[in-house]
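Please load the model in your viewer and keep a selection prompt at hand, as the tour below moves from one selection to the next.

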Amino acid sequence: MSCVWLKPPLRMEYVNNCVGHLNYRWFILFLTTVVNMACYAIYITYVLLQREAVSQKVDALVVIDRITGARTPITWEQKWMYIVHRDLLLAALGLFGVCVAVVVTAFILYQLSQVLRGHTTNESFKWDDFAYDVDHGEVRIAKDVLVRNQNSVDEAAVETEPEKPAQDPKGNAKKRKGKGAAKKMEGAPPSAIQEGQERELVLLTSPKQVRNIYNKGWWRNFMSMVYPEPLN
């Protein structure tokens with residue numbers, strides 16, 4: 001039997017949809033394309049404004065002091081202020097491209113940082129809430145669950161085989177009460193462990209006591225985003 005544990009989808013409110021397991025790399029590629037288009041728009045705007053400056057011979061302009069009548073060459077700042085005032089719409093397009101490139105680049109870096117840490121945006125908010133509750137002594141967890149979490153391994157695709165019944169000296173099959181029985185009881189609800197016995201609760205003192213089971217290390221997290229595991 002193959003068990004595949006997948007992360008919850010990344011919820012993006014501004015598209016009113018979720019970025020699924022197989023689409024996360026395309027989402028990052030989409031954001032990168034937006035940044036490239038914004039940078040291209042900035043470059044085209046600069047070229048057009050520069051051509052406007054050459055056609056108007058802005059470099060040859062001088063500034064005349066009204067009091068002394070002295071003439072000084074136009075500065076770089078005055079040159080671009082003159083060009084921008086002549087074509088406000090084109091300058092506004094370039095400024096919009098700069099804003100888009102900066103904001104989306106920051107968003108890409110934020111998303112990549114979440115990928116490398118094995119988080120989604122929604123999960124990061126929940127981990128912050130969890131850390132807040134732990135710091136205020138409000139989180140208690142069953143001891144057996146905590147032990148399983150701390151000792152858990154990567155179960156992204158674990159193949160398990162059914163156990164074979166042990167044979168007694170006479171050749172008859174009999175049930176094993178050791179390791180196999182413990183595995184069955186491990187995931188059982190409290191009432192199935194022992195009637196009337198409550199699970200022992202442990203007060204968490206640090207968020208680091210609970211391990212993020214989706215965090216496989218920064219390199220494996222990144223590669224699982226670039227080459228996601230198939231769903232079937």
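Begin by selecting W218, which is exposed because its relative accessible area of 56% lies over the 50% that the term requires. Bear in mind throughout that this is a predicted model. Add W219 to the selection: at 48% relative accessibility this residue counts as partly exposed, because the value falls between the 20% and 50% cut-offs.

Now display the rings of both residues. A pair of aromatic rings is described by the distance of the centres and the angle of the planes. For W218 and W219 the centres are 5.7 Å apart and the planes stand at 75°, an edge-to-face arrangement.

How many aromatic pairs does a search of the whole structure find? The search returns six, and one of them is the pair of Y24 and F27, which is tilted, with 6.4 Å from centre to centre and 50° between the planes. Select these two next, and you will see that both belong to helix α1, where they sit three residues apart, or about one turn of the helix. Y24 and F27 are both buried. Extend the selection to F107, since ring pairs link Y24, F27 and F107 into a cluster.

Finally, stay with helix α1, which covers residues 24-55, and move along it to Y43. With a surface representation switched on, select Y43 together with Y40, I44 and L48, and you will have the residues that make a nonpolar surface patch of about 410 Å².

Note on methods:
Residues numbered from 1 in each chain as written. Predicted model: local features only at pLDDT ≥ 70, side-chain atom pairs only at ≥ 80, totals over all residues. Heavy atoms only, no water. Patch = residues over 30% accessible without salt bridge, like charges linked within 9 Å, V, L, I, M, F, W, Y side chains within 5 Å. Areas by Shrake-Rupley, 256 points an atom, 1.4 Å probe, with all protein chains shown as cover. Salt bridge = Lys/Arg side-chain N within 4 Å of Asp/Glu carboxyl O. Helix = DSSP H or I, 4+ residues; strand = E, 2+ residues; numbered from the N terminus. Phe/Tyr/Trp six-rings, centres within 6.5 Å; stacked < 30°, edge-to-face > 60°. Buried < 20%, exposed > 50% of the residue type's maximum accessible area, 1.4 Å probe, protein only.
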